[in-house]
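Let's take a guided walk through this model, strand by strand and then into the interior. Keep the viewer open and follow along.

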Amino acid sequence: MKIYRIAFAFIAILSSSFAAHSRNDKSSADSSPESAQAFLGRWDLTLKAPDREYPSWLELHEENGQLKAEFVGRWGNARPLPRAEIANGRLKFVSPKEEEDSKADLVFEGTLNGKILSGKLTWPDGKTWQWIGRKAPALQRISPRNWASPVPLFNGKDLTGWHEDKPGASPVWKVENGVLVRPDRGPELINGSKFEDFKLHIEFNCGADSNSGVYLRGRYEVQIETDSASDPPSQRMGGVYGFLAPSPEPARKPGEWQTYDITLIGRMVTVVLNGQTIIDNKEIPGITGGALDSHEELPGPIYLQGSEKGRVMFRSIVITPASK
């Protein structure tokens, strides 16, 4: 009887030790590089506010053993975050209050369930927002062998085929003498058709101290400006906002008519300004702040930015889709 008790106690100790060791192993695995690996890469995010949804984007990568994050919030350009960490199977990253027009930093916390990254954040007013993320698609596509016929998007007479993002907003876009005129700090102007891969020809005239842009698939902005000389190169004239800088950097020509010829195939973009290639088949990593949505796998429209300052005009907007 005594030997049985000793044996039983020995087995119990072994079992307890094994369980504790298993728990420690699990805890270590949760914060191990292997478990963190699943979080790395580009994520298309959607922030779900009580009144609407905001497109967003996140890229996580490791640098010298440290987790680094690039983030596009509700507006603006891609920017590095001051803090991002993965511990015990949970992701946490912080967007500074200065970037969010907020009284407090926004703290995102989430978990990975299969292929879905999701979580919550508390807005400074105390309301809880949900957010969800899916891995951004690679969009690796072969250049099309054939192109369809060119399609004019602007008829030179009125706004047929276009709509403003805020119906009833004032001021409004107008057509004057065959030219599409953007109001100072007005609504965005969105074309009603959606496209995957295409070639776009667009002519524009950007007044002094003015700013606009053309969004490809409603997600990637090619910058138009005469007011951003002090901003980083990717935010200046000809850049894909926040991601790709033009080279060579073009001179600003306020008040002059200019042309963009832009080819977008998957994520690969070529931008030709006034006949000169300034971005040559470069990859666009993610969406621009102000994108219509973050569903990069889907076709999207051309849209013209109206919310910035100054006078900007457009004419001859023609798109040539890739043949299916």
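Strand 15 and strand 22 (residues 312-321) pair in the antiparallel sense, with eight bridges between them. To find the register in this predicted model, look for K199, whose bridge partner in strand 22 is T320. Strand 15 also pairs with strand 18 (residues 257-265), again antiparallel and over eight bridges. For that pairing, a handy marker is L200, which stands opposite I262 in strand 18.

How many of the nine residues of strand 15 are buried? Seven of them are, so strand 15 (residues 198-206) is largely enclosed by the rest of the structure. Here buried means a relative accessible area under 20%.

That leads naturally to the interior. In soluble globular proteins, nonpolar side chains tend to be buried together. The largest nonpolar core of this model has 42 residues, and the ones with the most contacts inside it are Y260, V269, L304, F314 and I317. At least two residues of this core come from each of strand 15, strand 16 (211-216), strand 17, strand 18, strand 19 (268-273), strand 20 and strand 22. Strand 15 gives the largest share, five residues. There is also a second, separate core of 25 residues, which includes L40, L47, F71 and W123.

F314 is a good residue to centre your view on. Leaving aside residues up to four places away in sequence, F314 touches F154, W173, V179, L180, I202, E203, F204, S212, I224, W257 and L304.

Next, try I302, in the loop between strand 20 and strand 21 (303-304). Is I302 buried or exposed? I302 has a relative accessible area of 0%, so it is buried. The C-alpha atoms of I302 and L153 are separated by 9.1 Å, although the two residues are 149 residues apart along the chain.

Now turn to another sheet. This one is open and has nine strands, in the order 4-3-2-1-9-8-7-6-5, with antiparallel pairing. Strand 4 (79-80) and strand 5 (83-87) are its edge strands, each pairing on one side only. Within the order, strand 8 (residues 116-122) and strand 9 (residues 128-135) run antiparallel and are joined by seven bridges. To see the register there, find L117, which stands opposite G133 in strand 9.

Some backbone details deserve a check too, especially if you plan to look at torsions. A cis peptide bond joins S170 and P171, with omega about 5°; P171 lies in the loop between strand 11 (162-164) and strand 12 (174-176). Another cis peptide bond joins S247 and P248, where omega is about 0°. P248 sits in the loop between strand 17 (220-225) and strand 18.

Two asparagines are also worth a visit for their phi values. N88 has a phi near 55°, a positive value in a residue other than glycine, and is found in the loop between strand 5 and strand 6 (90-95). With a relative accessible area of 48%, N88 is partly exposed. N281 also has a positive phi, near 55°, but its place is in strand 20 (residues 276-283). N281 is partly exposed, at a relative accessible area of 46%.

Technical notes. Residues are numbered from 1 along each chain as its sequence is written. This is a predicted model: local features need pLDDT of at least 70, side-chain atom pairs count only at pLDDT 80 or more; totals for chains, interfaces and linings use all residues. Side-chain values use heavy atoms; hydrogens and water are left out. Buried means under 20% relative accessible area, exposed over 50%, partly exposed in between (1.4 Å probe, protein chains only). Helices (H or I, at least four residues) and strands (E, at least two) are DSSP runs, numbered from the N terminus. Two strands pair if DSSP finds at least two bridges between them. A nonpolar core is a set of buried Ala, Val, Leu, Ile, Met, Phe, Trp, Tyr and Cys residues joined through side-chain atoms within 4.5 Å. Contact means heavy atoms within 4.5 Å.
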